[in-house]
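Trainee: I'm new to this one. Could you pick a single spot and walk me through it up close?

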Amino acid sequence: MNEPALDAERDAVLAALRPVVDGIAATFGPVCEAVLHDYRRPERSVVAVAGAVTGRTVGGAMSEIGMRVLARGDEAHDELNYVTRTPDGTLLKSSTMVLRDSTGAVFGALCVNLDVTAVDRAHALLGALAGTARAPAHVPATTFGDDIDAVVDAIVDAHPLRRDTSWAALDRDRRLQLFRDLDGRGVFAVRRSVEHVATRLGISRASAYHYLSQARADTGPAADTP
């Protein structure tokens with residue numbers, strides 16, 4: 001099947017799922033958000049959204065989770081019932097279900113986010129009353145937003161190699177590791193992200209492309225061209 005025919009097929013799948021997005025959110029009520037993504041447009045992947053748990057709108061960007069799926073390409077799989085939290089502390093139970101065309105290629109995802117903050121607090125209170133409370137488990141924070149640059153910034157700033165020191169303090173091996181990790185998380189699948197990361201790190205665009213090329217040397221993908 002040629003690419004225009006595949007794109008028409010993908011468009012038809014997304015159109016068919018739009019009412020499903022509304023149905024999911026209506027079923028679970030105000031604590032639920034359903035988001036439909038078209039990964040052919042990472043910077044504005046949201047094509048339908050119902051509910052307001054993360055505050056995203058149609059035309060908004062994918063999250064860090066979407067970037068991770070994008071980085072895995074056709075090897076991506078559904079991620080169901082995982083727990084994350086927003087930077088403001090909202091606790092989410094989420095599922096990301098990848099969408100494939102008839103060739104098996106991943107082109108989007110249907111995501112469901114449930115705000116379980118109140119449930120978690122009630123569980124902790126009941127545990128404390130019963131004397132069975134446990135120390136809260138660490139839940140990673142995920143940045144959601146309509147601006148892809150903000151998502152990229154959050155990933156770069158939260159990386160352990162970046163969070164605790166400056167770029168200048170990193171030796172060559174750790175610089176390569178930083179670029180390798182960012183690439184593995186799908187950051188560089190987004191248009192102009194190499195330039196954006198360079199600005200965030202305070203280095204030149206040429207240096208960023210050099211480190212990305214070196215980081216990819218053993219893993220296969222060719223670096224983006226300036």
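Mentor: Let's start with the company Glu43 keeps: skipping its neighbours within four places in sequence, Glu43 is in contact (heavy atoms within 4.5 Å) with Gly59, Gly60, Ala61, Asp146, Ile148, Val190 and Arg191. Keep in mind that this is a predicted model, where local features need pLDDT of at least 70 and side-chain atom pairs count only at pLDDT 80 or more, while totals for chains, interfaces and linings use all residues. Residues are numbered from 1 along each chain as its sequence is written, and side-chain values use heavy atoms, with hydrogens and water left out.

So where does Glu43 sit? You'll find Glu43 in the loop that links strand S1 (32-38) to strand S2 (46-50); strands here are DSSP runs of E, at least two residues, and helices are runs of H or I, at least four, both numbered from the N terminus. Glu43 counts as buried because its relative accessibility is 14%, and buried means under 20% relative accessible area, with exposed over 50% and partly exposed in between (1.4 Å probe, protein chains only).

One of those contacts deserves a closer look: the Glu43 side chain comes to 2.7 Å from the backbone nitrogen of Arg191. That fits a polar contact, a pair of N or O atoms within 3.5 Å; within protein, one must be able to donate a hydrogen and the other to accept it, and residues adjacent in sequence count only if both atoms are side-chain atoms.

Back at strand S1 (32-38), Cys32 is buried too, at 1% relative accessible area. Cys111 is also buried, at 9% relative accessibility.
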